[in-house]
Amino acid sequence: MSWKIKKNVLDSILAFSKSFYPNEFSALLFCDLDTHVIKDIYFLPGTYSNDHSAYLRLDLAPMSLSLVGSIHSHPTGKGKPSLADLNFFSSKDINIITYFPFCLDCYECYNSKGEKISLEIVD
Ligand SMILES: [Zn+2]
């Protein structure tokens, strides 16, 4: 089953990525495990970011089985995951990287193994 994302959530992700620029934006994603739809963004308290990395306080994440996704932005304009990204991805089912200039299709999607996967936009 392929992953889907609600259009308003994707719009918000791109808008936040833009507003955090030139720093990185990062958050977790709430996903519906039955339908594989990404339905909400979760901002971790204490998240720190600069122009090349973001530090997530995963110890402050709520214990929720549906918190299986991550999003972060690349202010550099490339959607390729770094080694640190790939390490982090392994704990999440779905990982989105947005990249400068954060246009409507300026994002890539990866599974826990760091393989590029497709993302369907739904209403
Ligand atoms: Zn990254």
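## The sheet

Seven strands of this predicted model make up an open sheet, ordered E8-E7-E6-E2-E3-E1-E9, with mixed pairing. Strands are DSSP runs of E with at least two residues, helices are runs of H or I with at least four, and both are numbered from the N terminus; two strands pair if DSSP finds at least two bridges between them. At the edges stand strand E8 (107-110) and strand E9 (119-122), each with a single partner strand, so one side of each has no neighbour in the sheet. From one strand to the next, the twist averages 35 degrees; angles run from 0 to 180 degrees between N-to-C directions, with axes fitted as lines to C-alpha atoms, for helices over the stretch in contact.

Strand E6 (residues 69-74) pairs with strand E7 (residues 94-99) in the parallel sense, over six bridges. Ser73 has Thr98 in E7 as its bridge partner.

## The helix on the sheet

Helix H1 (residues 7-20) packs on the sheet and touches strand E1 (3-6), strand E3 (37-42), E6, E7 and E9. The direction of H1 makes about 35 degrees with that of E3. Contact requires C-beta atoms, placed from the backbone, to lie within 7 Å.

## The chain as a whole

The chain has two helices and nine strands, running β-α-β-β-β-β-β-α-β-β-β from the N terminus. Of the contacts with a separation of 6 or more, 60% are between residues 24 or more positions apart. Along its principal axes, the C-alpha trace spans about 35 × 30 × 25 Å.

## Basis of the model

Residues are numbered from 1 along each chain as its sequence is written. In this predicted model, local features need pLDDT of at least 70 and side-chain atom pairs count only at pLDDT 80 or more, while totals for chains, interfaces and linings use all residues.

Note on methods: Two residues are in contact if their C-beta atoms, placed from the backbone, lie within 7 Å.
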